[in-house]
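Here is a quick walk through one protein model, written for someone who would rather be at the bench. Have the structure open while you read.

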Amino acid sequence: MATKAGDDNEIRRFLLGGLDEEARQGIERRLLADEDFYEELLFVEEELTDQYLNEELSADERRDFEGHFLSTPERRRKLSFAKSLGRYVAENSKDARAEVSETRTRLTAAELINAPTPGGRVLAFLTGHGRALRAGVAFTTLVLIAGAVWLARAPSPQTFVTINLSPAAVTRGEGGPATPVKLTPDADALRILLTLPGPSQSSRFRVELEDEGGVGERFEAERQDAQTVSVTIPASRLRRGRYALKLFETVADGAERRVSGNYLFNVE
């Protein structure tokens, strides 16, 4: 039986796109059948997001986080909320943190050693014996509410430049037509809508991004409709130059198949 640490490591690799197809499908089946395992995945998602914001990921993990983990709108929304909440705390909580720190010093060692049962701790909180705890919980609640309100009122910090691409029947070369792209200074990502060369029943796609030097990078694509899929590429992964996107689809038997043509664009 896998240990919790082993589960966490496998979930982490799953979220960062580091598992092969068979292992990935095994994780997905287990998520559907095991509620505790799904809860563990949510915990690892939060841990990865915190480590990304605190710049604690390795260069490879950061690349996989931006290219694979952030491929779903829900995770991008969670990251936006975490950024906004962190910014709010940094700008508004100095005095509140000082007050919480002061009240914590009043909690004696004896109170810590003789801590009551969980039920007693709840009673102590309600009857006035958990002053430091009340201060900490009240402060945390205030920050969460204020952060949520601030986020609801503020525009989304993610700004996209969106382009539409059709497949070119040529290879990535100087003679091939490439769509020009201008990334504005405030753009967080490039969202590319890829027109399929024909109808497709597949619900899972991925792309490989190649630069002028032939260096490739994988990104999960998002299905839009029967004729179009989209992919979001962080602006930090793009420099000036010519790029080619290769599109792959997963067919009914689980095999992966290359979609014909290249999608070409040029970052100016």
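Which helices and strands each supply at least two residues of the lining of the largest pocket? Keep in mind that this is a predicted model. The helices on that list are helix 1 (4-15), helix 2 (21-33), helix 4 (59-67) and helix 5 (73-92), and they are joined there by strand 4, strand 5 and strand 7. Strand 5 gives the largest share of the lining, with 7 residues.

As for the space itself, the largest pocket holds about 820 Å³. It is lined by 35 residues, and the ones closest to its centre are Gly17, Arg24, His68, Arg204 and Glu220. Sorted by class, the lining comes to 16 charged, 10 nonpolar and 9 polar residues.

Now step back to the whole chain. It has 268 residues, 35% of them buried, and its secondary structure amounts to 9 helices and 9 strands. If you take the contacts between residues at least 6 apart in sequence, 69% of them join residues at least 24 apart.

On to the cores. The largest nonpolar core is made of 25 residues, and Ile192, Leu194, Leu245, Leu247 and Phe265 have the most contacts inside it. Seven strands turn up here with at least two core residues each: strand 1 (160-165), strand 3 (189-195), strand 4 (205-210), strand 5 (216-223), strand 6 (228-234), strand 7 (241-250) and strand 9 (263-267). Apart from this core lies another one, of 17 residues, which includes Phe37, Val44, Leu70 and Leu79.

Leu245 is a good one to click on. Leaving out residues up to four places away in sequence, Leu245 touches Ile192, Leu194, Val207, Glu208, Leu209, Val231, Ile233, Asn262, Tyr263 and Phe265.

Tyr263 comes up again with Thr195, a residue of strand 3. Beyond its neighbours within four places in sequence, Thr195 is in contact with Leu165, Ser166, Pro167, Gln227 and Tyr263. Thr195 and Tyr263 are 68 residues apart along the chain, yet their C-alpha atoms are separated by 9.2 Å. Thr195 has a relative accessible area of 31%, so it counts as partly exposed.

Next, the aromatic rings. The whole structure contains 3 aromatic pairs, and two stacked ones are set out here.

| Pair | Centre to centre | Angle between planes |
|---|---|---|
| Tyr52 and Phe65 | 4.3 Å | 15 degrees |
| Phe65 and Phe69 | 4.6 Å | 20 degrees |

Why does the pair of Phe65 and Phe69 count as stacked? The planes of these two rings are at 20 degrees, and stacked pairs are those with planes under 30 degrees apart. The Tyr52 and Phe65 pair links distant parts of the chain, since Tyr52 sits in helix 3 (residues 35-53) and Phe65 in helix 4, 13 residues apart. Tyr52 and Phe65 are both buried, and Phe69 is buried as well. Together, Tyr52, Phe65 and Phe69 make up one aromatic cluster.

One last stop is Glu55, in the loop between helix 3 and helix 4. Is Glu55 buried or exposed? Its relative accessibility is 65%, so Glu55 counts as exposed. The backbone deserves a glance too: phi of Glu55 is near 55 degrees, a positive value in a residue other than glycine.

Note on methods
Residues numbered from 1 in each chain as written. Predicted model: local features only at pLDDT ≥ 70, side-chain atom pairs only at ≥ 80, totals over all residues. Heavy atoms only, no water. Core = buried A, V, L, I, M, F, W, Y, C linked by side-chain atoms within 4.5 Å. Buried < 20%, exposed > 50% of the residue type's maximum accessible area, 1.4 Å probe, protein only. Helix = DSSP H or I, 4+ residues; strand = E, 2+ residues; numbered from the N terminus. Contact = heavy atoms within 4.5 Å. 1 Å grid on protein atoms, 1.4 Å probe; cavity = no way out; pocket = protein on both sides within 12 Å on 5 of 7 lines; lining within 4 Å. Points joined across faces, edges and corners; volume = space filled by probe spheres on them. Nonpolar A, V, L, I, M, F, W, Y, C, P; charged D, E, K, R; others polar. Phe/Tyr/Trp six-rings, centres within 6.5 Å; stacked < 30°, edge-to-face > 60°.
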